[in-house]
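Welcome! Here are a few exercises to work through with the structure open beside you.

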Amino acid sequence: MTTAHESPASEAEISVHWREEDYYQPPAKFIAQANAADPDILGRFDEGHFPDCFKEYADLLSWDAYWHTTLDTSNPPFWRWFVGGRLNACYNCVDRHLATDRNKAALIWVPEPEDEPTRTITYQELYRQVNEFAALLRDFCGLRTGDRVTFHLPMVPELPVAMLACARLGVIHSEVFGGFSGAACGERIADSGSRILVTTDGYYRNGQLFDHKAKADEAVRTADGLGQQVDKVLVWRRHAGRCTSRTPMVDGRDFFVDELLAEHHRAVVEPVSMPAEAPLFLMYTSGTTARPKGCQHSTGGYLAYVAGTSKYYQDIHPEDTYWCCADIGWITGHSYIVYGPLALGTTSVIYEGAPTYPDAGRVWRIAERLGVNIFHTAPTTIRMLRKLGPREPDRYDYHLKHMTTVGEPIEPEVWRWYHDVAGKGEAVVVDTWWQTENGGFLGSTLPALQPMKPGSCGPGVLGVYPVIYDENGNIVEAGSGKAGNICIRNPWPGIFQTIWGQPERFVQIYYAKYCRNPASTDWRDWPYFAGDGAVQAADGYFRILGRVDDVINVAGHRLGTKELESASLTVHEVSEAAAVPVIDEIRGRAVEMYVALQPGTAPTEAIRQAVTGAIEREIGKIARPKNVWIVDDMPKTRSGKIMRRVIAGISNFSDVGDVSTLANPEIVDEIRHRIQSAKLAHGEVPRQLTREEAAEIRSFGRNE
Ligand code: WT7
């Protein structure tokens with residue numbers, strides 16, 4: 001706690017206090033079969049063995065040529081891993097398993113409608129489909145090594161097929177989350193310079209058949225407006241031979257994939273041997289400005305990292321049935337549904353729909369039916385399953401050995417339900433902390449060797465050495481009870497290579513803050529700034545507190561405030577907008593929008609709805625604000641910057657902090673009174689925020 005005689009602590013140094021949770025030990029049965037059960041592994045990956053320790057991960061792959069340099073630091077912070085090595089990611093995920101596991105299930109796809117049969121795709125069948133689609137991309141679309149192609153695909157098996165087909169050719173794929181709007185997709189098409197878009201006519205979610213193709217037309221229009229022409233739109237059909245989209249096909253531009261594939265029947269495409277450093281894919285994430293960041297991931301380093309972490313942290317054996325219930329449109333799905341599990345030759349389950357459709361037992365029925373033994377999801381799903389079916393798991397005869405939580409901090413109460421009820425107390429649980437930029441896990445317990453602690457992700461993973469710095473770059477000691485900025489002291493093979501087309505921004509956002517010497521080529525001078533607040537307990541375990549910048553994490557998905565605000569400003573009556581997070585029991589954080597109107601405009605319900613509509617259209621339903629408040633003015637600094645932390649305090653019924661330096665301090669009480677009484681009148685029951693939540697709200701948008 002900051003005491004009166006100390007100078008005021010910066011936001012990152014706010015003391016945090018929480019009850020130290022008790023350890024949970026991994027079950028003996030799990031330890032007996034674990035991939036990493038020998039504690040020597042910790043020594044093999046200690047700092048003295050860096051960077052060569054990662055040979056252990058790279059050796060899980062089949063290389064066409066071995067690397068000569070494990071880590072090249074000559075152009076920091078553009079690290080290069082396994083330089084000189086050559087490999088093909090598709091060959092590693094598909095071809096090499098054929099000799100022994102040709103007819104083993106690679107993917108099991110579960111459609112949302114329960115009366116539709118599951119589809120099992122063996123490694124042999126995957127090989128066929130990937131080759132045929134690769135031939136189509138190469139021969140019909142003219143795609144070549146290094147070209148980019150955008151996918152806007154939901155959770156259908158055609159998505160991994162398309163990813164692997166690109167990987168086979170060395171074409172860089174960029175999958176945009178299916179739930180995102182056509183406009184968001186179009187922006188990403190333009191940013192990546194894709195001239196091919198791969199989509200589908202429709203998909204099921206929550207019992208509804210969505211017309212997805214409609215978004216493609218909007219995406220093409222948006223990209224065109226930004227100067228990027230899309231030549232071809234490839235449309236997979238959700239139902240064999242039948243198009244469910246009411247949007248007309250554009251002659252000469254739109255093609256049904258199944259019709260085109262007929263011409264590539266039995267085609268075989270040689271996997272292109274790629275340099276380890278060639279980009280494998282782009283994954284866009286929100287930033288603090290409107291321009292999205294295309295995180296560029298490498299082939300060799302990335303694949304080695306996801307294979308290694310899938311083996312030791314997901315404890316995947318080839319004979320497991322592994323189900324990661326995330327969307328492939330997020331990095332979790334790329335790394336831990338597709339590339340990691342398939343590189344290890346296991347069976348990976350893909351589920352099309354919503355986890356609680358048609359009821360809260362769906363997930364557990366799938367686990368029982370398929371004999372899933374490893375399960376991976378996010379706190380938002382866990383909270384929802386717990387709320388809708390607190391004892392539902394008891395009704396199903398499934399048995400998990402391993403469970404993962406990822407995407408946002410999990411409350412210890414929710415963690416315990418996951419472990420005790422969902423996992424029936426039989427499974428080990430890992431809480432994996434990482435980011436789109438990172439390729440794979442950064443913080444987690446090693447499941448057989450390190451005990452679990454609810455609410456903490458654990459220590460840094462093998463070969464990753466985190467540290468907490470205060471604002472001045474001083475180390476915040478473990479066990480000090482103080483929070484700070486979690487950073488990683490060293491590079492690791494899964495780290496992204498750059499932001500596509502924005503190398504200066506890459507350096508600025510992730511490395512400039514704590515770089516000790518820009519001229520140095522020693523990695524020790526270039527800590528990676530993750531942008532999360534964290535506390536380290538005396539045992540070395542990290543508890544992540546959330547983003548320190550102005551990004552709102554809704555159900556594990558990062559939404560940039562700037563993107564939300566820009567969308568609101570497309571409503572012409574709106575003059576100013578501010579997005580703030582509100583603590584939400586299900587989604588973790590929800591968005592609330594504050595908008596001020598053009599002078600002389602009367603506030604109406606129609607304007608509020610237009611703002612919601614604009615956000616859904618520009619960003620997607622996931623970003624739908626919980627409330628849109630129309631205010632006369634925003635609290636601002638003297639330089640005219642909106643003070644989001646003040647508004648966030650109002651929205652969360654928490655402390656707004658010091659407002660004396662504002663240009664218009666009087667507005668604060670006015671807004672508070674009006675918004676909070678409206679909330680109470682709507683039946684909102686404010687609850688006392690935890691210290692960590694209050695600290696997050698208080699520091700929201702603090703970089704302004
Ligand atoms: C942000 C990254 C990486 C896959 C999903 C999200 C938060 C992620 C955890 C965790 C606490 C977590 C962080 C991080 N986060 N995992 N286990 N415990 N917080 O990827 O969209 O890039 O978001 O999610 O704040 O910075 P993302």
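**Exercise 1: Around the ligand**

The residues of the shell around the ligand comprise six nonpolar, seven polar and five charged ones; here Ala, Val, Leu, Ile, Met, Phe, Trp, Tyr, Cys and Pro count as nonpolar, Asp, Glu, Lys and Arg as charged, and the others, Gly among them, as polar. Before we go on, note that this is a predicted model: local features need pLDDT of at least 70, side-chain atom pairs count only at pLDDT 80 or more, and totals for chains, interfaces and linings use all residues. Residues are numbered from 1 along each chain as its sequence is written, and side-chain values use heavy atoms, with hydrogens and water left out.

Task: find which residues come nearest to the ligand, and which polar contacts Gln 435 and Thr 436 make with it.

Solution, step by step:

1. A residue is near the ligand if one of its heavy atoms lies within 4 Å of it. Of the 18 residues around the ligand, the nearest are Asp 431, Thr 436, Asp 532, Arg 547 and Arg 558.
2. Next, look at the elements: helix H12 (331-343), strand S20 (428-432) and strand S25 (542-547) each give at least two residues to the shell. Helices (H or I, at least four residues) and strands (E, at least two) are DSSP runs, numbered from the N terminus.
3. Now look for polar contacts, that is, pairs of N or O atoms within 3.5 Å. A ligand oxygen is 2.5 Å from an N or O atom in the side chain of Thr 436, and an oxygen atom of the ligand is 3.0 Å from one in the side chain of Gln 435.

**Exercise 2: Two helices**

Task: how are H11 and H12 oriented to each other?

Solution, step by step:

1. The axes of helix H11 (residues 300-312) and H12 come within 8 Å and cross at roughly 85°. Axes are lines fitted to C-alpha atoms, for helices over the stretch in contact, and angles run from 0 to 180 degrees between N-to-C directions.
2. Angles of 65 to 115 degrees count as roughly perpendicular, so H11 and H12 are roughly perpendicular to each other.
3. By class, their contact (heavy atoms within 4.5 Å) has eight nonpolar, five polar and no charged residues.

**Exercise 3: Backbone exceptions**

Task: which peptide bond involving Pro 51 is cis, and where does Arg 266 lie?

Solution, step by step:

1. Most residues other than glycine have a negative phi, and most peptide bonds are trans.
2. The bond from Phe 50 to Pro 51 is cis, with omega near 0°. Pro 51 is found in the loop between helix H2 (40-44) and helix H3 (55-58).
3. Arg 266 is not a glycine, yet has a positive phi of about 70°. Arg 266 lies in the loop between helix H10 (257-261) and strand S13 (274-275).

Technical notes: A polar contact is a pair of N or O atoms within 3.5 Å; within protein, one must be able to donate a hydrogen and the other to accept it, and residues adjacent in sequence count only if both atoms are side-chain atoms. Angles under 35 degrees count as roughly parallel, over 145 as roughly antiparallel, 65 to 115 as roughly perpendicular and the rest as oblique.
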